[in-house]
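Biologist: I am new to this structure and would like a close look at a single part of it. Please take your time, and link that part to its surroundings where you can.

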Amino acid sequence: MKQYNALAFILLATILAVSCDKKTNNESFFSINEDVLKAQYTPKESIKIEVIDSSNKKIDSIVYSINNLKIGSVKGNSKFSFALKDQKLGYQNLKANIYFEGTNEVDSSRVELISDITPKVLTYTIVNTYPHDINSYTEGLEFYKDTLYESAGEYGKSRLLKTDYKTGKILKSLKLEDKYFGEGITIINDKIYQLTYKEHIGYIYDAKTWKLEKSFVFDKPEGWGMTNDGKNIYFNDSSEKIWKMDPETQKTIDNINVYSENNKIKEVNELEWVDGKIYSNIYQKKAIVVINPKNGAVEGMLDMSNLENLIVKLPDTDVLNGIAYNPKTKTFFVTGKNWNKMFEIKIN
């Protein structure tokens, strides 16, 4: 018993010693002053950052960064200000790296950058109405050389389609394996890119022959809409994020967060790139939003709710989804999941 007590005492002493050492090693001398930070900022504002010194240590310099990118430095413990006008919307992770007496210490904080733009309410006129395959659960829609391409979803029914939009006739169809749910498509460099819903697999086809050239893996939670700007691909994953992808490597290289004023817009869906802006359906919403791809701000909005009054509604008729811009006619083509009509519209 005495031996056990002695061993227990030694073990307890060791634990306490380690704990004390650990506490000493983790002692913080400096911290970002949270009292001078706001929870939310707009791009017209500047962040003013300062460090609280809870010691008598001499600060040599402080290096500041946002989202792991250096934004500036100061000598000593001077205050620092950074203009937010060129930042992308969303959370800004602040970091202060404080150098003092031959060592350094890091503290971090976070603020949210929201949009200061009130979206314009846009209007449209219907130019033409065309038939649309009512069995097509539309996930992706895009024009390529004046021909309409479509990706239809649902397990066991997913297809890649080439369509005569004036008649609704399907010119070519490629069915996916039943275990895959087809999602967004885009066509760039004479290749068709197609995502799947939850399978984390994408496909690349030759645009002329439809021969499968490659499949690739993407590491986002889900695959939804796709578009491209002629150089890069943009896709989304059910959240407020739109990701930029290198079409050659299929690696994500950047992203934006979509905001309408101070609100994140989640479930960004089908995408279309037109004249430097991204037009997008929002899942379960009867509207299309216009997004600035540089920072994620919603700049315009179209109420599309009237279109549902113009289609035949069956039990499996679902939400508005599908935007394609025809550069030849300079008009948009919109439809929905299992809609019997497609509408050619001109946005005013």
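In β23, which residue is the bridge partner of K241?

Modeller: Please keep in mind that this is a predicted model. The bridge partner of K241 in β23 is N257, and the pair belongs to a longer run of pairing, since strand β22 (residues 241-245) and strand β23 (residues 252-257) pair in the antiparallel sense over 5 bridges. Between β22 and β23 lies a hairpin connection of 6 residues, in which Q250 takes a positive phi near 60 degrees.

On its other side in the sequence, β22 is preceded by strand β21 (residues 233-236), and these two strands are also antiparallel, with 4 bridges between them. Here I242 of β22 is the bridge partner of N236. β21 and β22 again form a hairpin, this time with 4 residues between the strands, and S238 in that turn has a positive phi of about 95 degrees. As general background, the strands of a sheet pair through backbone hydrogen bonds, in either a parallel or an antiparallel manner.

N236 also leads to another part of the chain, for it is one of the residues that N269 touches, along with W224, G225, S280, N281, Y283 and N321, when residues up to four places away in sequence are not counted. N269 itself sits in strand β26 (residues 268-274). Because its relative accessibility is 2%, and buried means under 20%, N269 counts as buried. With one of those neighbours, N321, the side chain of N269 makes a polar contact of 3.2 Å.

Earlier in the sequence there is an open sheet of 4 strands, ordered β16-β17-β18-β19 and paired in the antiparallel sense. Its edge strands are β16 (182-188) and β19 (212-217), each of which pairs on one side only. Neighbouring strands in this sheet are turned by 20 degrees against each other on average, with direction ignored. Within this sheet, strand β17 (residues 191-196) and strand β18 (residues 201-206) are joined over 5 bridges, and Y203 in β18 is the bridge partner of Q194.

A charged pair is found at K220 and D219, whose side chains meet in a salt bridge of 3.2 Å, N to O. The two partners differ in their surroundings: K220 counts as buried because its relative accessibility is 9%, whereas D219 is exposed because its relative accessible area is 62%. Salt bridges that share partners also join K286, E308 and K313 into one network, and the structure holds 14 salt bridges in total. Another of them links the side chains of K175 and D178, at 2.4 Å from N to O, and K175 is partly exposed because its relative accessibility is 47%.

To complete the surroundings, the largest nonpolar core has 25 residues, and those with the most contacts inside it are I47, I62, Y64 and I98. Several strands each supply at least two residues of this core, including β5 (59-66) and β8 (90-100). Apart from this core lies another, of 17 residues, with Y124, I311, F332 and F343 among them.

Methods:
Residues numbered from 1 in each chain as written. Predicted model: local features only at pLDDT ≥ 70, side-chain atom pairs only at ≥ 80, totals over all residues. Heavy atoms only, no water. Pairing = 2+ DSSP bridges. Buried < 20%, exposed > 50% of the residue type's maximum accessible area, 1.4 Å probe, protein only. Polar contact = N/O pair within 3.5 Å; in protein donor to acceptor, adjacent residues only side chain to side chain. Contact = heavy atoms within 4.5 Å. Axes fitted to C-alpha atoms, helices over the stretch in contact; angles between N-to-C directions. Core = buried A, V, L, I, M, F, W, Y, C linked by side-chain atoms within 4.5 Å. Salt bridge = Lys/Arg side-chain N within 4 Å of Asp/Glu carboxyl O.
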